[in-house]
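These are my notebook entries on a single protein chain. I set down what I looked up, one topic at a time.

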Amino acid sequence: MKLTLKGLQETEAWKKAGVALPTYDVKAARAETVRTPTWVHFGAGNIFRMFIGGIAETLLEKGESKTGIICAETFSFDIIDEIYKPYDNLVLGVTLKPDGSVTKQVIASLAEAIRSTPANTDEWARMKQIFAAPSLQLISFTITEKGYALKNAADEYFPYIVSDIENGPERATSAMGQVTALLFHRFKSGALPLAVVSMDNCSHNGEKLQTSIVTMANEWLKKGFVSQDFIGYLNNEKKITFPWSMIDKITPRPSSEIGKQLEKDGIEKMQPFVTEKKTFIAPFVNAEGPQYLVVEDTFPNGRPPLEKAGVYMTDRDTVNNVERMKVTTCLNPLHTALAVYGCLLDYTLIADEMKDPDLRKLVQQIGPVEGMPVVTDPKILSPKDFVSEVINTRLPNPFMPDAPQRIACDTSQKVGIRFGETIKSYVAKYGDAKKLEAIPLAIAGWCRYLLAVDDSGKPFERSPDPMLEELTAQLKGIAWNNAASYTGQLKLILSNANIFGSDLYKAGLGEKIEALFKEELAGAGAVRQTLKKHLAR
């Protein structure tokens with residue numbers, strides 16, 4: 001079978017392969033989406049295709065919506081060329097269950113896929129047409145936290161942001177520049193209302209998105225590209241809102257083994273593809289079953305009935321509490337600790353790490369023990385039940401091909417939220433964070449990871465991170481198996497509030513992390529021994 005609209009007509013073959021097909025009129029839904037667009041999503045990657053696309057699919061299947069989603073990619077255009085267009089924008093969603101069983105479903109809600117950039121004249125014209133449509137209700141994002149960043153750690157605009165500021169709306173290349181330009185076009189088309197919704201996995205995501213867009217607009221105002229009225233439009237909640245959200249679904253890189261199995265089932269061309277930007281993607285998406293999306297319900301132009309597809313629609317305070325629960329305690333900090341120690345201890349699967357008594361104890365300490373005392377119960381989800389599901393069901397799922405190397409990507413952009421928020425809460429509650437033991441171990445592990453040498457002395461390739469070059473330079477002179485080579489090189493990193501959200505020395509943790517790092521530097525097996533020693537307390 002071929003994963004195309006024509007290929008789906010072989011219904012018996014798909015049924016025999018155990019794949020559920022759309023029951024609604026796909027062509028009609030896509031035509032209606034093009035004619036009256038309601039939802040545009042930026043970031044055409046895996047979690048979007050399976051989770052967000054799955055939400056739209058559910059609404060179409062239930063007859064609760066007549067339109068799907070328009071996908072816009074601003075970063076890795078070969079995703080569109082290699083994974084969307086040859087497959088008629090269809091996705092094969094593969095849900096991996098802890099018992100080894102799978103469910104397979106074709107998702108057809110991704111009605112249109114656009115390579116968004118002014119350099120693509122026709123596609124940029126289409127984006128402007130969509131943004132001028134009165135029917136457009138929301139735009140959403142899964143572009144990762146770094147997609148919203150305009151400045152580096154030195155508080156200087158990135159060169160490509162400087163170019164966008166200088167060149168203005170018609171030549172913007174960054175995601176934030178393009179979105180601001182398209183909102184300017186919507187403003188000029190009648191100041192039409194719209195919800196601008198980050199669905200990225202980061203704290204206060206709506207606030208981050210709003211800050212970046214308003215900052216770009218204000219820089220263009222200084223250059224004379226936009227008017228003060230446009231700034232007013234962006235800041236008028238009756239016109240433009242930036243709802244906060246919390247998203248949670250573990251979506252690993254596509255597994256070549258799953259691709260092979262799908263091909264054995266008779267589905268053609270299922271092998272994963274790596275883009276020029278090192279994005280791992282495939283015609284299918286493999287993911288766990290549990291998923292959570294909590295969204296602040298502020299949509300000035302109306303919205304699809306998202307709650308009918310399992311989305312929690314609520315107020316900002318509740319979103320914030322759920323997000324803090326997940327990102328600072330119940331999942332993300334556990335993931336990051338497993339990521340860095342997994343690389344150091346030569347693991348390639350998160351599920352295998354959860355069989356390691358030391359690593360399991362580490363995440364038990366970070367979440368239920370150290371994080372839980374400063375978590376606010378969001379009421380709509382139980383923190384204790386959530387973290388229990390993560391530790392006992394989700395992370396140990398042996399059929400989830402999730403790797404610590406994937407999760408280790410961009411750690412410098414994550415540690416401030418995943419560990420820094422709990423540290424700040426301890427300082428607020430107790431005056432300092434000296435009570436913490438496992439979280440300092442996790443931070444020391446990240447610093448040790450940055451040396452790119454595992455616990456046996458073998459070099460490994462570190463995952464991509466925008467600060468990797470800068471952090472490596474700051475660690476210059478440190479040598480594995482030579483604790484004496486450490487002469488305070490961590491001080492600039494641990495005191496950097498842009499990384500951790502605060503100066504860790506002022507929080508009472510800097511010296512503790514330095515000491516742990518030195519212990520982990522001592523030679524073969526030092527990382528393992530440090531974990532055992534400090535988790536035994």
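**Entry 1: Cysteines**

How many disulfides does the structure hold? I found 0 disulfides in the structure, which is a predicted model. I then looked up cysteine 202, which takes part in no disulfide: its nearest cysteine sulfur belongs to cysteine 409 and is 16 Å away. Since a disulfide needs two cysteine sulfur atoms within 2.5 Å, I turned to another cysteine with the same question in mind. For cysteine 330 the closest cysteine sulfur is that of cysteine 202, at 18 Å, which is too far for a bond.

Are these two cysteines buried or exposed? I noted that cysteine 202 counts as buried because its relative accessibility is 2%. Cysteine 330 is also buried, with a relative accessible area of 0%.

**Entry 2: Aromatic pairs**

I next counted the aromatic pairs and recorded 14 of them. I examined phenylalanine 187 and phenylalanine 230, whose ring centres are 5.7 Å apart; their planes meet at 50°, so I entered the pair as tilted. This pair links distant parts of the chain, for phenylalanine 187 belongs to helix H7 (residues 175–188) and phenylalanine 230 to helix H9 (residues 228–234), 43 residues apart. I noted both phenylalanine 187 and phenylalanine 230 as buried.

I then took up tyrosine 292 and phenylalanine 386. Their ring centres are 5.1 Å apart and their planes lie at 50°, so this pair is tilted. Here too distant parts of the chain are linked: tyrosine 292 is in strand S14 (residues 292–296) and phenylalanine 386 is in helix H15 (residues 383–394), 94 residues apart. Why does tyrosine 292 count as buried? Its relative accessibility is 13%, and the cut-off for buried is under 20%. Phenylalanine 386, at 3% relative accessibility, counts as buried.

I also recorded a cluster in which ring pairs link Phe42, Phe131, Phe141 and Tyr148.

**Entry 3: Charges over rings**

Which ring does the charged end of lysine 151 sit over? I found that it sits over the ring of tyrosine 157, 4.9 Å from the ring's centre. I made a similar entry for lysine 277, which lies over the face of phenylalanine 75 at 4.3 Å from the ring centre.

**Entry 4: Cavities**

How many cavities of 30 Å³ or more does the structure hold? I counted 4 such cavities. The largest cavity contains about 50 Å³ of space. Among the residues that line the largest cavity I listed Ile250, His335, Arg394, Asn397 and Asp402. I divided the lining of the largest cavity into 5 nonpolar, 2 polar and 2 charged residues.

**Entry 5: The second largest pocket**

I recorded about 250 Å³ of space in the second largest pocket. Its lining consists of 18 residues, and those nearest the centre of the pocket are Met50, Gly54, Thr95, Gln105 and Gln291.

Which element supplies the largest share of the lining of the second largest pocket? I found that H3 does, with 6 residues. Helix H3 (46–61), strand S4 (91–96) and strand S5 (102–107) each give at least two residues to this lining. By residue class, I entered 6 nonpolar, 8 polar and 4 charged residues for the lining of the second largest pocket.

Conventions
Residues are numbered from 1 along each chain as its sequence is written. This is a predicted model: local features need pLDDT of at least 70, side-chain atom pairs count only at pLDDT 80 or more; totals for chains, interfaces and linings use all residues. Side-chain values use heavy atoms; hydrogens and water are left out. Rings of Phe, Tyr and Trp (its six-membered ring) pair if their centres lie within 6.5 Å; planes under 30 degrees apart count as stacked, over 60 as edge-to-face and the rest as tilted. Helices (H or I, at least four residues) and strands (E, at least two) are DSSP runs, numbered from the N terminus. Buried means under 20% relative accessible area, exposed over 50%, partly exposed in between (1.4 Å probe, protein chains only). A charge sits over a ring if NZ of Lys or CZ of Arg is within 6 Å of the ring centre and within 35 degrees of the ring normal. On a 1 Å grid over the protein atoms alone, a cavity is a set of points where a 1.4 Å probe fits but cannot get out, and a pocket is an open set with protein on both sides within 12 Å along at least five of seven lines; lining residues have an atom within 4 Å of a point. Grid points are joined across faces, edges and corners, and a volume is the space filled by probe spheres set on the points. Ala, Val, Leu, Ile, Met, Phe, Trp, Tyr, Cys and Pro count as nonpolar, Asp, Glu, Lys and Arg as charged, and the others, Gly among them, as polar.
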